[in-house]
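Colleague: I should like to understand the reasoning behind the terms used for this model. May I put some questions to you?

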There are 2 protein chains.
Amino acid sequence: MSKAIFYHAGCPVCVEAEQQVAQSIDPAKYKVEFVHLGKDGGRLGEAESVGVKSVPALVLDGTVFHINHGADLSALKA
Amino acid sequence: MSKAIFYHAGCPVCVEAEQQVAQSIDPAKYKVEFVHLGKDGGRLGEAESVGVKSVPALVLDGTVFHINHGADLSALKA
């Protein structure tokens with residue numbers, strides 16, 4: 001089982017990507033974790049270190065895929 | 001069964017997204033079609049009309065998700 005992390009911030013663009021892209025991932029292949037960076041700011045550093053620049057972003061086995069554009073990570077640090 | 005279309009142009013960013021994101025989609029939920037807009041320019045109009053601005057892009061039930069950025073659609077029209 002591979003690991004997928006979906007980073008978001010509750011924004012409309014994030015919600016759309018979560019409901020459609022993240023939910024379409026094959027549960028037989030990936031265990032998906034959902035991380036709300038607005039509420040769980042303690043994980044901003046982790047997201048940044050893996051290469052997340054904006055949300056929503058889907059990290060599959062350590063590779064970052066930015067999906068559309070909701071907010072830059074810097075905007076969540078305020 | 002819902003319909004997913006993955007538009008790409010064979011670029012490195014596209015290939016990465018195809019191998020990881022498109023291949024992670026649950027085959028029990030979606031039938032995924034792969035369209036190479038560089039080779040199949042006849043489908044550029046269709047991609048544009050659904051809202052694709054750049055590749056790679058994944059269209060799930062008519063909603064466009066741009067995944068990272070490989071090339072603008074305009075660059076494929078030359």
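Colleague: Why is B:C11 called buried?

Modeller: This is a predicted model, and the value is computed from it. B:C11 has a relative accessible area of 15%. Buried means under 20%, so B:C11 meets the definition with its 15%.

Colleague: Why does B:C14 count as buried?

Modeller: Its relative accessibility is 0%. Because the limit is under 20%, B:C14 counts as buried at that value.

Colleague: What makes the link of B:C11 and B:C14 a disulfide?

Modeller: The sulfur atoms of B:C11 and B:C14 are 2.3 Å apart. A disulfide requires cysteine sulfur atoms within 2.5 Å, and therefore the pair B:C11 and B:C14 qualifies at 2.3 Å. The link is right-handed, with 65° about the S-S bond.

Colleague: How many disulfides are found over all chains?

Modeller: The search of the whole structure gives two. In chain A, A:C11 and A:C14 form a disulfide with sulfur atoms 2.3 Å apart, and both residues are buried.

Colleague: What makes strand 3 of chain A largely enclosed by the rest of the structure?

Modeller: Strand 3 covers residues 54-60, and seven of its seven residues are buried, so the strand is largely enclosed.

Colleague: How do you know that strand 3 of chain A and strand 4 of chain A pair?

Modeller: Six bridges join these antiparallel strands. Pairing needs at least two bridges, so strand 3 and strand 4 of chain A satisfy the definition with six. One of the partnerships is that of A:L60 with A:T63 in strand 4. Strand 3 of chain A also pairs with strand 1 of chain A, in the antiparallel sense over four bridges; there A:A4 stands opposite A:L60.

Technical notes: Residues numbered from 1 in each chain as written. Chains lettered and ligands numbered in written order. Predicted model: local features only at pLDDT ≥ 70, side-chain atom pairs only at ≥ 80, totals over all residues. Heavy atoms only, no water. Buried < 20%, exposed > 50% of the residue type's maximum accessible area, 1.4 Å probe, protein only. Helix = DSSP H or I, 4+ residues; strand = E, 2+ residues; numbered from the N terminus.
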